[in-house]
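Visitor: I'd like a quick tour of this one, mostly about what is tucked away and what is on show. Can you walk me through it?

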Amino acid sequence: MRRDGGTRLGAGTALGRAGGQEWEAVKPGLAQEIWEEFRADERHRRLLSWAGLVQRAVGQLFALASVGGMLLFARYALDRGEPLVATFAVGAPSVSLAVIFGLARMPGRALEGAVARSARRVRAVAAAAPPPSDPASSSSTTPTI
C-alpha cells in the first residue's frame, strides 16, 4: 500500500492505468485482491518452470544410469563369452533411448503426439489394405491357367 492509502499497482498494468478506482468502486480492496492473485499465479508459474527443469535433469540422470547399467551388463556378458547377449542387451535399449531422446527434442512435437500419429498411420494403412488372397480358399473350383 502507498502512503496515501492507494494500491501499489504499476502504471503499465490495466489496474495501474485505471488507478484501480473502478475496481475499488465495485468492492473495496478488489484491486489489491486481483493484484495478489496475479502475483500468486506468477509465483506458481515460476515454480512449475523450476519443477520442469528438475524433472528433465532427473530424467537425464536416470537415462545415463540406465545406459551405464546396460554397458556394465554387456561387459559382464562379454566376459562370460556371450557376445550376442551383449549386443542385444545394449543395442535395442540404446536405440530406443536415442529415439525417445530425439523425439523429445524435436521442435513443435511431443513424444505422445508422434506415437499417436504413427499409430493412426499404421491403422489407416491396415484398414485400406485388402486382405491377402489365399488361393486354397478361393470360391472358384475351376483351375486357373
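Guide: Here come a few questions and answers on the core and the surface of this predicted model.

Visitor: Which helix gives the most to the largest nonpolar core?

Guide: That core is made up of five residues: Met70, Ala74, Ala77, Ala86 and Val90. Two helices, H3 (30-79) and H4 (83-105), each supply at least two of them. The one giving the most, with three residues, is H3.

Visitor: Leaving aside its neighbours within four places in sequence, which residues is Ala74 in contact with?

Guide: Ala74 is itself one of the core residues. Skip the neighbours within four places in sequence, and its contacts are Ala86 and Val90.

Visitor: Is Leu72 buried or exposed?

Guide: Leu72 sits in helix H3. The cut-off for exposed is over 50% relative accessible area. Leu72 comes in at 64%, so it counts as exposed.

Visitor: And what separates the C-alpha atoms of Leu72 and Ala86?

Guide: Ala86 belongs to the largest nonpolar core. Along the chain, Leu72 and Ala86 are 14 residues apart, and the separation of their C-alpha atoms is 9.6 Å.

Visitor: What about Val58: which class of exposure does it fall in?

Guide: Val58 is another residue of helix H3. Buried needs under 20% and exposed over 50%. With a relative accessible area of 38%, Val58 is therefore partly exposed.

Visitor: How much accessible area does the nonpolar patch with Val58 have together?

Guide: On the surface, Val58 forms this patch with Val54 and Phe62. Taken together, the accessible area of these residues is about 290 Å².

Methods
Residues numbered from 1 in each chain as written. Predicted model: local features only at pLDDT ≥ 70, side-chain atom pairs only at ≥ 80, totals over all residues. Heavy atoms only, no water. Core = buried A, V, L, I, M, F, W, Y, C linked by side-chain atoms within 4.5 Å. Buried < 20%, exposed > 50% of the residue type's maximum accessible area, 1.4 Å probe, protein only. Helix = DSSP H or I, 4+ residues; strand = E, 2+ residues; numbered from the N terminus. Contact = heavy atoms within 4.5 Å. Patch = residues over 30% accessible without salt bridge, like charges linked within 9 Å, V, L, I, M, F, W, Y side chains within 5 Å. Areas by Shrake-Rupley, 256 points an atom, 1.4 Å probe, with all protein chains shown as cover. Salt bridge = Lys/Arg side-chain N within 4 Å of Asp/Glu carboxyl O.
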